[in-house]
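Here are a few exercises to work through at your own pace. Have a look at the sequence and the structure, then try each task before reading its solution.

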Amino acid sequence: MSITLQTRLSASIWEALQERSRTSGQSVAHIVQMALAEALDVEHHSIFQVSTSGAIVQGLYQGCVTVADLRRHGDLGLGTFEDLDGEMILIEGRCFQARSDGTVVEAPDDALTPFASVVNFAPDSTAEIENVGSLGDLTERLDGLRSSKNGMVSLRVTGRFGSMRVRTACRTESGIDLVEATSNQVVFDYEDVPGTLVGFWSPDYAKSIAISGWHLHFISDDRAKGGHVLNLAADALHVELNDVNDVHLAIPETAAFLEADLREDNEEALQIAEHDGRRIGASS
Ligand SMILES: [Zn+2]
């Protein structure tokens, strides 16, 4: 959701805004948004991350943060639910659960998540992308829009998707690792569906906390279809990127997490479970 604000400014504030825009290359709207966020204590460049990719790879699916808490920390994001029960899509402040039977429901505020990433989305830049042939094609072009190989990015992509392949995780007992759990994933193919991708790009160095590379979830405009994106195609997409320079990590206080051995390198498991065995998105 974005709102148009009309207001009166003094000449000196207006001049200072224009000067900052000239020197920084940022739009006036962006500078105003960031200044307001700071004044009002809204975390615009901060990811709120629940648990770690290392923990989810090991099968620590016990919920530890409520949907209500997540919504206090962001209006856009993704994740999963307790017992790996489907895929989470947080969009415009509403939290949806894409389930393994192919349905999408709005998650109640007291639902629990064992792993999620959310952000108060305020785009720093936008782009139009045309003739997208595959997910790999899209992520390659998104890589060209990132300003750094070391910063994190959140994004929202809207448009009509000629094809969309998503998976939803199936409810799984804790302790069954993510590779095994997602070998039972359910895959859905949709055609000609208008909707939104929400997601993040995280650098390799963050791989034990976040899912490195691009990680995208989809929800249709009618909020009836959704999941973790495996492939797609689209004629024209509107891309919005939000740079992130701060991560707030919620460490689960579950006994399973506190006692787990999380030293193992999870890269290979994440590639299989989250990227369908393929590397998506360049690492630079
Ligand atoms: Zn996912």
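The exercises below concern a predicted model.

**Exercise 1. Compare the span of helix α1 with the expected one, and find what follows the helix.**

Solution.
- Start with the extent: α1 covers residues 11-24, which makes 14 residues.
- Next, take the distance from the first C-alpha to the last, which is 20 Å.
- Now compare: at 1.5 Å a residue, 20 Å is expected, and α1 comes close to that.
- Finally, step past the end of α1, where you meet Gly25 with a positive phi near 80 degrees.

**Exercise 2. Describe the largest pocket and its lining.**

Solution.
- Begin with the space inside the largest pocket, about 1400 Å³.
- Then turn to its wall: 40 residues line the pocket, and those nearest its centre are Ala29, Val32, Gln33, Met34 and Leu36.
- Sort the lining by character, and you get 22 nonpolar, 12 polar and 6 charged residues.
- Assign the lining to elements: at least two residues come from each of α1, α2 (28-39) and β9 (125-132).
- Last, pick out the main contributor, α2, which gives the most with 10 residues.

**Exercise 3. Which residues coordinate the zinc ion, and how are they spaced in sequence?**

Solution.
- Look for the donor atoms: His215 and His217 each offer NE2, while His228 offers ND1.
- Check the distances to the zinc ion, which run from 2.0 to 2.1 Å.
- Write the donor residues as a pattern, and the spacing reads H-x1-H-x10-H.
- To finish, consider burial: His215 and His217 are both buried, with under 20% relative accessible area as the cut-off.

Conventions
Residues are numbered from 1 along each chain as its sequence is written. This is a predicted model: local features need pLDDT of at least 70, side-chain atom pairs count only at pLDDT 80 or more; totals for chains, interfaces and linings use all residues. Side-chain values use heavy atoms; hydrogens and water are left out. Helices (H or I, at least four residues) and strands (E, at least two) are DSSP runs, numbered from the N terminus. The expected span of a helix is 1.5 Å times one less than its number of residues. On a 1 Å grid over the protein atoms alone, a cavity is a set of points where a 1.4 Å probe fits but cannot get out, and a pocket is an open set with protein on both sides within 12 Å along at least five of seven lines; lining residues have an atom within 4 Å of a point. Grid points are joined across faces, edges and corners, and a volume is the space filled by probe spheres set on the points. Ala, Val, Leu, Ile, Met, Phe, Trp, Tyr, Cys and Pro count as nonpolar, Asp, Glu, Lys and Arg as charged, and the others, Gly among them, as polar. Donors are N, O and S atoms within 2.8 Å of the metal (3.2 Å for Na, K and Ca); water is not among the atoms, so sites may look incomplete. Buried means under 20% relative accessible area, exposed over 50%, partly exposed in between (1.4 Å probe, protein chains only).
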